[in-house]
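Visitor: Could you take me on a close look at a single part of this protein, its nonpolar interior, and then show me how the surroundings fit in? I work at the bench, so please explain your terms as you go.

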Amino acid sequence: MIAVTGASGQLGRLVLKHLSILTHEPVRALVRSPDKAQDLVSSQISVSRFDYNDPSGLAEGLAGVTRLLLISGSEVGQRVAQHAAVIEAAKSAGVSFITYTSLLNVPNSSLVLAAEHIDTESILSKSGIAHAVLRNGWYLENYAGTVAAALQHGAVVGASGDGRISVAGREDYAEAAARVVSGADLSTRVMELAGDQSISLSELAAEISRQTGRNIPFQNLTEDDYAGVLMGAGLPEAFARAISDADRGAASGELYNASTALRALIRRPTKPVSTFVAELLSSA
């Protein structure tokens, strides 16, 4: 049996979709609130309670599971303890293979968001369980708010300068995760997953301009000023500073990688920026 943590989230739901296409093996969707995830249930997919913050119940949720996709938690600052508890429960339950969604260019990244991934990868490497680490690049969907704000205010703002950022769609990463956790290769390995395309924010602004017929420039800010803009838009301070810190790293190339492993895994091109922008504009 395959199990997927965080299965009711945006990435998890897409992984389940691809697993239903790729394999006939039973899949257990692990979620914090099963009552709110009954739409996931099918003849192949069952739903079980799995709360990262309740370690005592994790092994039970993994009973009978041989392969686990550990989608990194969303509670920044708590993820190392949460992931460690899941990995320990997986050992107790006899899980033989774990796939983990990490961050591009770990462990050489200075991003605030990288620290917990670095620690989790270390825990995995010491666990004795065969595992695949998927170091995901930046999601195109991370720029949905950027595009919306650009349409409203007439500029793309950020703090990444001329830094190039490897981007792909969430569905690209979801399909890759589904293929790895359900695939024949159960060896321990690390994959840097970068989209076919890399962009700077000035190029994103140019693409929005091209598709809208408007002149939308890129306005490069300091890291602190960009965090202030994000907080002014309603983001919590910790989250805003994590995003502005990611832009700081992007400015020096920390969100760029020339790897073609993602395309090889999904056996097709990754989602282009032009398609992403067009989809946003059509739904605006």
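Guide: The largest nonpolar core has 33 residues, and Val4, Val15, Leu16, Leu19 and Leu193 have the most contacts inside it. A nonpolar core here is a set of buried Ala, Val, Leu, Ile, Met, Phe, Trp, Tyr and Cys residues joined through side-chain atoms within 4.5 Å. Buried means under 20% relative accessible area, exposed means over 50%, and partly exposed is in between, using a 1.4 Å probe and protein chains only. This is a predicted model, in which local features need pLDDT of at least 70 and side-chain atom pairs count only at pLDDT 80 or more, while totals for chains, interfaces and linings use all residues. Residues are numbered from 1 along each chain as its sequence is written, and side-chain values use heavy atoms, with hydrogens and water left out.

Two or more residues of this core come from each of strand E1 (2-4), helix H1 (10-22), strand E2 (27-31), E3, E6, H6, E10 and H10. H6 gives the most, with 7 residues. Helices (H or I, at least four residues) and strands (E, at least two) are DSSP runs, numbered from the N terminus. For a view from one residue, take Val15: leaving aside residues up to four places away in sequence, Val15 touches Val4, Leu69, Ala174, Ala177 and Ala178. Contact means heavy atoms within 4.5 Å.

Apart from this core lies another, of 27 residues, which includes Val106, Leu113, Tyr143 and Ala242.

Now for the sheet. Seven strands form an open sheet in the order E3-E2-E1-E4-E5-E6-E10, with parallel pairing. Two strands pair if DSSP finds at least two bridges between them. Strand E3 (45-49) and strand E10 (189-193) stand at the edges with a single partner strand each, so one side of each has no neighbour in the sheet. From one strand to the next the twist averages 20°. At the E10 edge, strand E6 (residues 130-136) pairs with E10 in the parallel sense over 5 bridges, and Ala132 stands opposite Arg189 in E10.

Helices lie across these strands. Helix H3 (residues 79-93) crosses strand E4 (67-70) and E5, running at about 180° to E4. H4 lies across E5 and E6, at about 160° to E5. The axes are lines fitted to C-alpha atoms, for helices over the stretch in contact, and the angles run from 0 to 180 degrees between N-to-C directions.

The loop between E5 and H4 deserves a pause. Most residues other than glycine have a negative phi, and most peptide bonds are trans. Asn105 lies in this loop and has a positive phi, near 70°; Asn105 counts as buried because its relative accessibility is 16%. The peptide bond from Val106 to Pro107 is cis, with omega near 10°, and Pro107 is found in the loop between strand E5 (97-103) and helix H4 (114-127). Arg267 also has a positive phi, of about 60°, but Arg267 sits in the loop between helix H10 (261-266) and helix H11 (273-283) and counts as exposed because its relative accessibility is 65%.

The second core brought up Ala242, which is one of the buried residues of H9, along with Ala240, Ser244, Asp245, Ala246, Asp247, Gly249 and Ala250. These buried residues pack against strand E7 (138-139), strand E8 (156-158), strand E9 (165-168), helix H7 (201-212) and helix H8 (223-232). After H9 comes Gly253, with a positive phi near 90°.

Last, the aromatic rings. The structure holds 2 aromatic pairs; rings of Phe, Tyr and Trp (its six-membered ring) pair if their centres lie within 6.5 Å, with planes under 30 degrees apart counted as stacked, over 60 as edge-to-face and the rest as tilted. Phe50 and Tyr52 make an edge-to-face pair, 6.4 Å centre to centre with 80° between the planes. Phe50 is buried at 4% relative accessibility, and Tyr52 is buried at 11%. Tyr139 and Tyr173 are stacked, because their ring centres are 4.9 Å apart and their planes stand at 20°. This pair links distant parts of the chain, with Tyr139 in strand E7 and Tyr173 in helix H6 (residues 170-182), 34 residues apart. Tyr139 is buried at 15% relative accessibility, and Tyr173 is buried at 1%.
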